[in-house]
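Please look through the sequence and the model below before reading on. The paragraphs that follow go from single residues to the whole chain.

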Amino acid sequence: MNETAHPKMREYQRHIGGDSPIYQERKYAAAFSMDLSKTADPYVMRIETFISDSPMSYLSLIGIYDEDLHVRRRIKAACEASGYAWPEGRTTANFMHPTWPKRPSMCAAAVAASILAAAGAIQAVERPPYTVILGGVNADGTVPPFDGDVDLTALIGHAREQGIQRVILPAADLVRAGRPDGVEIIGVESLRDLKR
């Protein structure tokens with residue numbers, strides 16, 4: 001465990017258990033994203049993904065409304081369109097906090113990153129330097145720009161307060177994000193850029 005990390009991030013490290021067998025087998029990964037609480041305050045969410053053996057390939061999203069499967073289908077299509085092989089078996093992405101608001105336009109890219117990291121297709125993103133991934137995904141794998149009402153300054157400021165050191169967001173929003181002190185801002189145009 002990195003004892004020099006921000007105290008809040010050390011809590012995540014303890015929960016993740018980076019030396020556990022399930023992590024080393026690459027069947028588990030997590031990613032951080034953000035949204036606004038019911039009182040419109042920014043908060044950091046953790047998305048934990050487990051891939052388990054199953055005769056059927058299936059994606060389950062726990063803690064986000066997706067009754068019509070639209071979000072799940074778009075995430076799967078985006079990963080495949082970006083050249084990644086979809087993992088075999090049952091993939092479960094679990095959102096923390098489960099009852100707080102979550103917009104796919106803010107966190108779908110982080111879900112995709114968590115799945116790809118669990119499958120071993122990209123490097124893990126939940127370890128230092130702690131990274132928040134903001135943005136949605138299109139079926140072709142691109143990461144679209146935010147709507148104009150997203151206050152990136154408030155989100156990035158809160159992320160820094162929580163010990164986040166890097167924020168990945170749509171490349172089209174780099175200018176809006178600016179160059180805040182203490183946080184590295186990275187723009188991505190598609191899920192392919194997550195390999196960098």
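A residue counts as buried when its relative accessible area is under 20%, as exposed when it is over 50%, and as partly exposed in between. Glu184, at 41% relative accessibility, is therefore partly exposed. The model is a predicted one, and the words buried and partly exposed are used below in the sense just given.

Glu184 has a partner. Its side chain meets that of Arg166 in a salt bridge, with 3.2 Å from N to O. Arg166 belongs to strand S6 (residues 166-170) and Glu184 to strand S7 (residues 184-188), so this pair ties together parts that lie 18 residues apart in sequence. Arg166 has a relative accessibility of 23%, so Arg166 is partly exposed as well.

The count of salt bridges comes to six, and two others can be set beside this one. Lys76 and Glu80 form a salt bridge whose closest N and O atoms are 3.0 Å apart. Both residues sit in helix H3, four residues from each other, which is about one turn of the helix. Lys76 has a relative accessible area of 31% and so is partly exposed; Glu80, with 38%, is partly exposed because that value also falls in the middle class. The salt bridge between Arg46 and Glu48 has its closest N and O atoms 3.1 Å apart. Are Arg46 and Glu48 buried or exposed? Both are buried.

Glu48 also leads to strand S4 (residues 90-96), where Thr92 is found. Leaving out residues up to four places away in sequence, Thr92 touches Glu48, Thr49, Phe50, Ser60 and Ile62. Thr92 has a relative accessibility of 16%, so Thr92 is buried. Tyr28 is 64 residues from Thr92 along the chain, yet 9.7 Å separates their C-alpha atoms.

Next comes the nonpolar interior. The largest nonpolar core has 37 residues, and those touching the most other members are Ile47, Leu61, Ile75, Phe95, Val111 and Leu191. At least two residues of this core come from each of strand S1 (28-36), strand S2 (42-52), strand S3 (58-62), helix H3 (70-81), S4 and helix H4 (104-118). H4 gives the largest share, 11 residues. Val111 shows how such contacts run: with residues up to four places away in sequence left out, Val111 touches Ile47, Leu61, Ile75, Ala93 and Phe95. Another core, of 19 residues, lies apart from the largest one and includes Phe32, Met34, Val44 and Leu169.

Two cysteines can be checked in the same way. Cys79 is buried because its relative accessibility is 1%, and Cys107 is buried because its value is also 1%. How many disulfides does the structure hold? The number of disulfides is zero.

Now take the whole protein. The protein has six helices and seven strands. In sequence order they follow the pattern α-α-β-β-β-α-β-α-β-α-β-α-β. Of the 196 residues in the protein, 49% are buried. Among contacts between residues at least 6 apart in sequence, 69% join residues at least 24 apart. The protein exposes about 9600 Å², and carbon and sulfur atoms supply 51% of that area.

Conventions: Residues numbered from 1 in each chain as written. Predicted model: local features only at pLDDT ≥ 70, side-chain atom pairs only at ≥ 80, totals over all residues. Heavy atoms only, no water. Buried < 20%, exposed > 50% of the residue type's maximum accessible area, 1.4 Å probe, protein only. Contact = heavy atoms within 4.5 Å. Core = buried A, V, L, I, M, F, W, Y, C linked by side-chain atoms within 4.5 Å. Disulfide = S-S within 2.5 Å. Salt bridge = Lys/Arg side-chain N within 4 Å of Asp/Glu carboxyl O. Areas by Shrake-Rupley, 256 points an atom, 1.4 Å probe, with all protein chains shown as cover.
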